[in-house]
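Please open the model in your viewer with the cartoon and the side chains available, and keep a selection box at hand. The stops below each begin with something to select.

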Amino acid sequence: MNAFTLLPFIVLIAAMFLMTRSAKKKQQQAANMRNEMQPGSGVRTIGGMYATVKEVNEDTVLLDAGPGVDLLFAKNAIGAILSDDEYNRIVHGIEHDLKSDAGIVPDDASSLTETDTTDEPAAAAAASDDKAVDLGKKDAAADKTDAADAAEAKAEEEPKKTDGDTDAK
C-alpha cells in the first residue's frame, strides 16, 4: 500500500482519539464534582430541578426539594453544583447584596451634575418643564405648504400638454 492511501485513515483515527479524550476529560470532571458534593449545597439535576443536598451516599443523593419533599436521586443525575449566591438567585429570587451601593453608576447623569446651590437658569429650566417643547415641526409644515403653493403656481403658468384634440370622440 501507498503512504498516501493510508493518510486519510491515520487522520481519521487521530481525530477519533482526540474526541474521545476530551469526552473522557469531561466525564472525569463531572465525576469529581459529584464526589465533592456535601449536605447543604444547592444542586441542579440533569432534568432541571433545583434542590438542596440532604444526604450523600455512595451511589445516591437525598435531595430536599421543598418543605416535606425529600427525593432520592442517583449521583449521575446531578448536573451541576451551584454556589450559594447562584442557588439563592435562581430558587428564591434573592439577588446578591453588594457591600456598598456607593460604587454603583446611576442610570442617568443627574447625580453627577447636582450642586448644593441652585442656579437661576437651572431653576427656571426646571420650572418650565411643564411647557411643550417646540421641535420645529410647525416650520417644516409651513415649508411643505409653501413648496406645494409654488408647485401649483408653476403648473398654472405652464400650458398643459395634451395628446391631441380632447374634443374628439
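The tour goes from the whole chain to a helix, then through the sheet strand by strand, and ends at a pair of charged side chains.

**Before selecting anything**

This is a predicted model, in which local features need pLDDT of at least 70 and side-chain atom pairs count only at pLDDT 80 or more, while totals for chains, interfaces and linings use all residues. Residues are numbered from 1 along each chain as its sequence is written, and side-chain values use heavy atoms, with hydrogens and water left out.

**Stop 1: the whole chain**

Select the protein chain and colour it by secondary structure, where five helices and five strands should appear; helices (H or I, at least four residues) and strands (E, at least two) are DSSP runs, numbered from the N terminus. In sequence order the elements follow the pattern α-β-β-β-β-β-α-α-α-α. Of the 169 residues in the chain, 11% are buried, where buried means under 20% relative accessible area, exposed over 50%, and partly exposed in between, computed with a 1.4 Å probe and protein chains only. The accessible surface is about 14600 Å², with 55% of it belonging to carbon and sulfur atoms; such areas come from the Shrake-Rupley method with a 1.4 Å probe, and for residues only the protein chains shown count as cover. Among contacts with a separation of 6 or more, 37% are between residues 24 or more positions apart, a contact being heavy atoms within 4.5 Å.

**Stop 2: helix α1**

Now select residues 3–35, which form helix α1. How far apart are the end C-alpha atoms of this helix? They are 47 Å apart, which agrees with the 48 Å that its 33 residues should span at 1.5 Å a residue, the expected span being 1.5 Å times one less than the number of residues. Two of the 33 residues of α1 are buried, so the helix lies largely in the open.

Within α1, pick Ala-30, which is partly exposed, with a relative accessible area of 22%. Adding Ala-80 to the selection gives a C-alpha separation of 8.3 Å, although the two residues are 50 apart along the chain.

**Stop 3: the sheet as a whole**

Select the five strands together: they form an open sheet in the order β4-β3-β2-β1-β5, with antiparallel pairing, where two strands pair if DSSP finds at least two bridges between them. The edges are β4 (69–74) and β5 (78–82), each of which pairs on one side only. From one strand to the next the twist averages 45°, with axes being lines fitted to C-alpha atoms, for helices over the stretch in contact, and angles running from 0 to 180 degrees between N-to-C directions. Add residues 84–92, helix α2, which packs on the sheet and touches β1, β2 (50–56) and β5, its direction making about 130° with that of β2.

**Stop 4: from β5 to β4, one pairing at a time**

Begin with β1 (residues 42–45), which pairs with β5 over four antiparallel bridges, Thr-45 standing opposite Ile-78. Is Thr-45 buried or exposed? Thr-45 is buried, with a relative accessible area of 5%, and, leaving aside residues up to four places away in sequence, it touches Leu-63, Phe-73, Ala-77, Ile-78 and Gly-79.

Next, β1 and β2 are joined by three antiparallel bridges, with Arg-44 opposite Tyr-50. Their hairpin has four residues between the strands, and Gly-48 there takes a positive phi near 95°.

Moving on, β2 and β3 run antiparallel and are joined by four bridges, with Thr-52 opposite Asp-64; three residues lie between the strands of this hairpin.

The last pairing joins β3 (residues 60–66) to β4 through six antiparallel bridges, and Val-61 has Phe-73 as its bridge partner. Two residues separate β3 and β4 in their hairpin, where Gly-68 in the turn has a positive phi of about 80°.

**Stop 5: the salt bridge**

Finally, show the side chains of Asp-70 and Lys-54, which meet in a salt bridge with an N to O distance of 2.8 Å. The pair links strand β4, which holds Asp-70, to strand β2, which holds Lys-54, across 16 residues. The structure holds one salt bridge, defined as a side-chain nitrogen of Lys or Arg within 4 Å of a carboxyl oxygen of Asp or Glu. Asp-70 is partly exposed at 38% relative accessible area, and Lys-54 is partly exposed at 41%.
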